[in-house]
Amino acid sequence: AKDAGGTRMQFFSAEMSVETKNRMALELDLREALERGEFVLHYQPRICLDDDSPCGVEALIRWNHPSKGLVPPNVFIPIAETTGLICKIGNWVLRQACEDVQRLIDRLGTDLVLSVNVSPVQLRSPTLCGEVRQALQAAGMDTHRLELELTESGLIEDTDTSQQLLRELGDIGVRLAIDDFGTGYAGIAYLRQYPIDVVKLDRAFLCPTPKADGCLDFIRAVTEMCHSLGMRVVAEGVEDADMLRQLLRSDCDEAQGYLFAQPMPLAKLGDYIIDRQAS
Ligand code: C2E
Ligand code: CA
Ligand code: CA
Ligand code: CA
């Protein structure tokens, strides 16, 4: 890493702030991370509330940096987005996740949905749909098993490309989910505009205590609206039994969070699913 640091110095000038330098150094490392095989995927189970069984997994990327250790996605995804690297990284995530999860499905004979996060930047790329098809084909995965998690900000940009892309993806049978629902400034009109199949309620929706005022009514109302539009509802960030108890009194379909499991490496996921199904 020492010689790499030497070549790097020429990019940095004395006037730059420490923060800018750190970011630029990280950006340079990020450019090589894919080739060096430094990314890993962890998977967090999604639990179906009607029968308490794992019915899906979300792929979450981590960067195993040679000197910094595990860098969380909140740190490097924004850099990958501004540099455009997110398209290559996102394509790697798609391919790797489809391959991993299809192998698991083949081995366990279970019915799982795989959800993959898609950046708004990827939604502006006309090649995304083809990449999705290729990832599915290479893994031998059925189209309906793949769910793409989009954010509201990706949808409100509303370019012709993203409009068309979403329609194409819907047409080939990939499921579309809205991530962090209710935290953006998108309004809700887009729920009718696009072929959305799943809404993921952000943690902020959950009831912190059983007595939190009107909280359950609110979840019920949102869930009812989503169901009337034909969409499933997933609650994210469920951390304790109280939160779950409240959810069970709503009509929410699935839950995900530390109460059930932390995101884990693929090697552990199989055991988790077997244990959870048996109990
Ligand atoms: P997200 O898509 O909303 O993912 C959920 C985040 O909440 C994950 O953080 C997860 O580990 C965490 N989480 C899960 N259960 C709980 C819980 O019970 N309580 C709390 N407080 N947190 C919980 P993570 O893995 O650090 O990912 C952060 C964000 O980075 C993701 O938020 C997503 O926006 C982004 N991200 C992760 N992987 C990818 C990827 O492959 N592509 C893109 N474009 N973005 C990704
Ligand atoms: Ca997500
Ligand atoms: Ca659909
Ligand atoms: Ca989320």
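Student: How are the donor residues of the calcium ion (ligand 2) spaced in sequence?

Tutor: Their spacing is E-x58-N-x31-E-x29-D. This is a predicted model, in which local features need pLDDT of at least 70, side-chain atom pairs count only at pLDDT 80 or more, and totals for chains, interfaces and linings use all residues. Residues are numbered from 1 along each chain as its sequence is written, chains are lettered from A and ligands numbered from 1 in the order in which they are written, and side-chain values use heavy atoms, with hydrogens and water left out.

Student: What makes a residue a donor of the calcium ion (ligand 2), and which residues are they?

Tutor: A donor is an N, O or S atom within 2.8 Å of the metal, or 3.2 Å for Na, K and Ca; water is not among the atoms, so sites may look incomplete. Glu 58 (OE), Asn 117 (OD1), Glu 149 (OE) and Asp 179 (OD) coordinate this ion at 2.1 to 2.3 Å, and they therefore count as donors.

Student: Which residue coordinates both the calcium ion (ligand 2) and the calcium ion (ligand 4)?

Tutor: Asp 179 does so, and the two ions are 4.1 Å apart. Asn 117 in strand β4 (residues 113-117) and Asp 179 in strand β6 are 62 residues apart, a pair that links distant parts of the chain. Strands (E, at least two residues) and helices (H or I, at least four) are DSSP runs, numbered from the N terminus. The calcium ion (ligand 4) has as protein donors Asp 179 (OD), Asp 180 (OD) and Glu 236 (OE), the last listed twice, at 2.2 to 2.5 Å. In sequence, its donor residues follow D-D-x55-E.

Student: Which residue coordinates the calcium ion (ligand 3)?

Tutor: Asp 197 (OD) is listed twice, at 2.8 Å. Asp 197 lies in the loop between α8 (190-193) and β7 (198-201).

Student: Why is the pair between Arg 62 and ligand 1 called a polar contact?

Tutor: A polar contact is a pair of N or O atoms within 3.5 Å; within protein, one must be able to donate a hydrogen and the other to accept it, and residues adjacent in sequence count only if both atoms are side-chain atoms. An N or O atom in the side chain of Arg 62 is 2.9 Å from an oxygen atom of ligand 1, so the pair qualifies. A polar side-chain atom of Asp 179 lies 3.0 Å from an oxygen atom of ligand 1, and one of Asp 180 lies 3.3 Å from such an atom.
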